[in-house]
Amino acid sequence: MSPLEALDYASVFVFALTGALVASRAQLDIVGFAFLACLTALGGGTMRDLLLDREVLWISDPAYLGLACTAAVLVFFTAHLLESRARAIVWLDAAALAFAVAAGAGIAMDSGQSWPIVLVMGVMTGCLGGLMRDVVANEVPLLLKQGEPYATCALGGAITLLAAHGTGMLADRAALIAAILTFVLRGCAIGTNWRLPTYKSRPPRR
């Protein structure tokens with residue numbers, strides 16, 4: 001298994017954990033757990049593969065589906081042991097974002113895409129599954145919370161991959177560095193409650 005494949009598998013499993021934890025907060029049944037876990041885990045990668053004209057990851061390898069469902073079952077029986085599921089979701093989501101951004105950008109680069117497409121695929125792979133999860137669960141998406149540096153951290157990770165690769169580094173190693181930096185950025189944002197400047201309305205001019 002290549003590092004890019006390992007990152008893709010890791011992002012699927014950890015994103016599935018967050019989807020199942022959201023299902024536990026909504027007190028869904030086991031089918032609801034599996035649905036939210038799979039939607040969260042595979043949404044970003046599916047869109048990435050469709051746009052890059054690749055065989056969709058869970059169709060080419062059904063093990064991705066099995067991994068997401070395994071995460072759902074695991075959380076179904078253990079979620080009650082967590083002191084704060086909301087806190088666990090935020091930190092697991094940060095880890096999954098890091099894995100997914102690196103995998104998405106790395107796969108796009110590996111397929112010979114130009115740098116704007118690499119950036120878009122990295123951000124999309126990292127953000128889309130969590131967005132779907134939160135919308136379906138009727139929660140304000142982390143991506144769209146006021147001033148939340150979510151997509152910003154994803155973009156920073158994708159830019160890091162491009163920069164590392166530009167120095168002559170192999171795509172696999174550049175992806176690992178991008179994953180680490182994405183998690184550090186997102187972790188700092190969570191730990192320090194860092195927020196981006198937001199739009200402030202002003203009185204209309206006469």
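This is a short tour of salt bridges in a predicted model.

Before selecting anything, keep the total in mind: the structure holds 8 salt bridges. The stops below visit some of them.

**Stop one: Arg25 and Glu139**

Select Arg25 and Glu139 and show their side chains. The two form a salt bridge, and their closest N and O atoms are 3.9 Å apart. Now colour the elements they belong to. Arg25 is in helix α1 (residues 3-25), while Glu139 sits in the loop between α6 (115-136) and α7 (151-166), so this pair ties together parts that are 114 residues apart in sequence. Switch on the surface to check both ends. Glu139 is partly exposed, at a relative accessible area of 31%. Arg25 is also partly exposed, with 43% relative accessibility.

**Stop two: Arg48 and Asp49**

Next, select Arg48 and Asp49. Here the salt bridge has its closest N and O atoms 3.0 Å apart. Are these residues buried or exposed? Arg48 is buried, with 0% relative accessibility. Asp49 is buried as well, its relative accessible area being 0%. Hide the surface again to see the pair.

**Stop three: Arg54 and the network**

Keep Asp49 selected and add Arg54. Arg54 forms a salt bridge with Asp49, with 2.6 Å between the closest N and O atoms. Arg54 is partly exposed, at 34% relative accessible area, whereas its partner Asp49 is buried. Which residues belong to the network joined by salt bridges that share partners? Add Arg48 and Asp8 to the selection: Asp8, Arg48, Asp49 and Arg54 are joined into one network by such bridges.

Terms used: Residues numbered from 1 in each chain as written. Predicted model: local features only at pLDDT ≥ 70, side-chain atom pairs only at ≥ 80, totals over all residues. Heavy atoms only, no water. Salt bridge = Lys/Arg side-chain N within 4 Å of Asp/Glu carboxyl O. Helix = DSSP H or I, 4+ residues; strand = E, 2+ residues; numbered from the N terminus. Buried < 20%, exposed > 50% of the residue type's maximum accessible area, 1.4 Å probe, protein only.
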